[in-house]
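Reader: I would like to know how the labels on this model are earned. Please take me through a few of them.

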Amino acid sequence: MKTLSALCVVFVLVSSAAADAATFYLEGAGSYGSYGDAGSMPSGMIGFGTAVSDYVNVYVRGFKGSSSSVSTDAALIERTKEYSIMGLMGVVDCTYYFRTDLPVRIGVTASGGAGYANVKIKDQKHLELSGNYKSLSDSAPILGGWAGAKLECTQRITVFVLGGYQQCVGFGKDLTDASVGGVSFLLGVTVTLGEVNSPIARGY
């Protein structure tokens, strides 16, 4: 909770400082990635951000993903594992323009925040447990970084494709020995609110 509160306070302060620019962003994305012990999974992400300058934006992003796997052990007992991961992160997004008269730009982002992971294990060994499964969950800081391309389709709509890595670090309870993190890819859309995409307004 302390991490989440700090993220909200930082975002409010930065948003207030950037209020004169009146440039805000709403974004949504789908992601697919490998999360170590949690396996590969799709996830969804939403975010809200503001412009600090023409080249730097800050966001608060939330995401959630889930997956399941089925395996059979040496005793021929079928085991189903259901994984879910969610997080809330503060993000710094930096943009580089090769030419301001072209709509394509390079984006590099760094993020940090709070992550939560849960795994439900269902097999005959856990039939006596409530709900017929064993549930393990834990929270930890989550760090990540991505890089990729952004295409400004209009003065309000930008499509982005990013690849990167994110990792939960320092589980302290049920998932102490787990490694949850890995490579992921994002495909999403950013909607510019208030001002338009300024490089397009200046260029073509």
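**Pocket, patch and strand**

Author: The second largest pocket holds about 180 Å³ of space. Bear in mind that this is a predicted model.

Reader: What lines the second largest pocket?

Author: Its lining has 14 residues. Asp37, Tyr83, Val119, Leu175 and Ala178 lie nearest the centre. Strand S4 (78-96) and strand S5 (104-122) each supply at least two residues of the lining.

Reader: How do the lining residues divide into nonpolar, polar and charged?

Author: The lining has 10 nonpolar residues, two polar and two charged. Tyr, Val, Leu and Ala count as nonpolar, and Asp as charged.

Reader: Why is Gly144 called buried?

Author: Gly144 has a relative accessible area of 15%. Buried means under 20%, so Gly144 is buried.

Reader: Where is Gly144 placed, and what separates its C-alpha atom from that of Ser111?

Author: Gly144 is in strand S6 (residues 134-152). Its C-alpha atom is 5.1 Å from that of Ser111, although the two are 33 residues apart along the chain.

Reader: Why is Phe48 called partly exposed?

Author: Phe48, in strand S2 (residues 40-51), has a relative accessible area of 32%. Buried is under 20% and exposed is over 50%. The value of 32% lies in between, so Phe48 is partly exposed.

Reader: Which residues form a nonpolar patch with Phe48, and what makes Phe48 eligible?

Author: Leu26 and Leu193 form the patch with Phe48 on the surface. Together the three have about 240 Å² of accessible area. Patch residues need over 30% relative accessible area, and Phe48 has 32%. Phe also counts among the nonpolar side chains for patches.

Terms used: Residues numbered from 1 in each chain as written. Predicted model: local features only at pLDDT ≥ 70, side-chain atom pairs only at ≥ 80, totals over all residues. Heavy atoms only, no water. Patch = residues over 30% accessible without salt bridge, like charges linked within 9 Å, V, L, I, M, F, W, Y side chains within 5 Å. Areas by Shrake-Rupley, 256 points an atom, 1.4 Å probe, with all protein chains shown as cover. Salt bridge = Lys/Arg side-chain N within 4 Å of Asp/Glu carboxyl O. Helix = DSSP H or I, 4+ residues; strand = E, 2+ residues; numbered from the N terminus. Buried < 20%, exposed > 50% of the residue type's maximum accessible area, 1.4 Å probe, protein only. 1 Å grid on protein atoms, 1.4 Å probe; cavity = no way out; pocket = protein on both sides within 12 Å on 5 of 7 lines; lining within 4 Å. Points joined across faces, edges and corners; volume = space filled by probe spheres on them.
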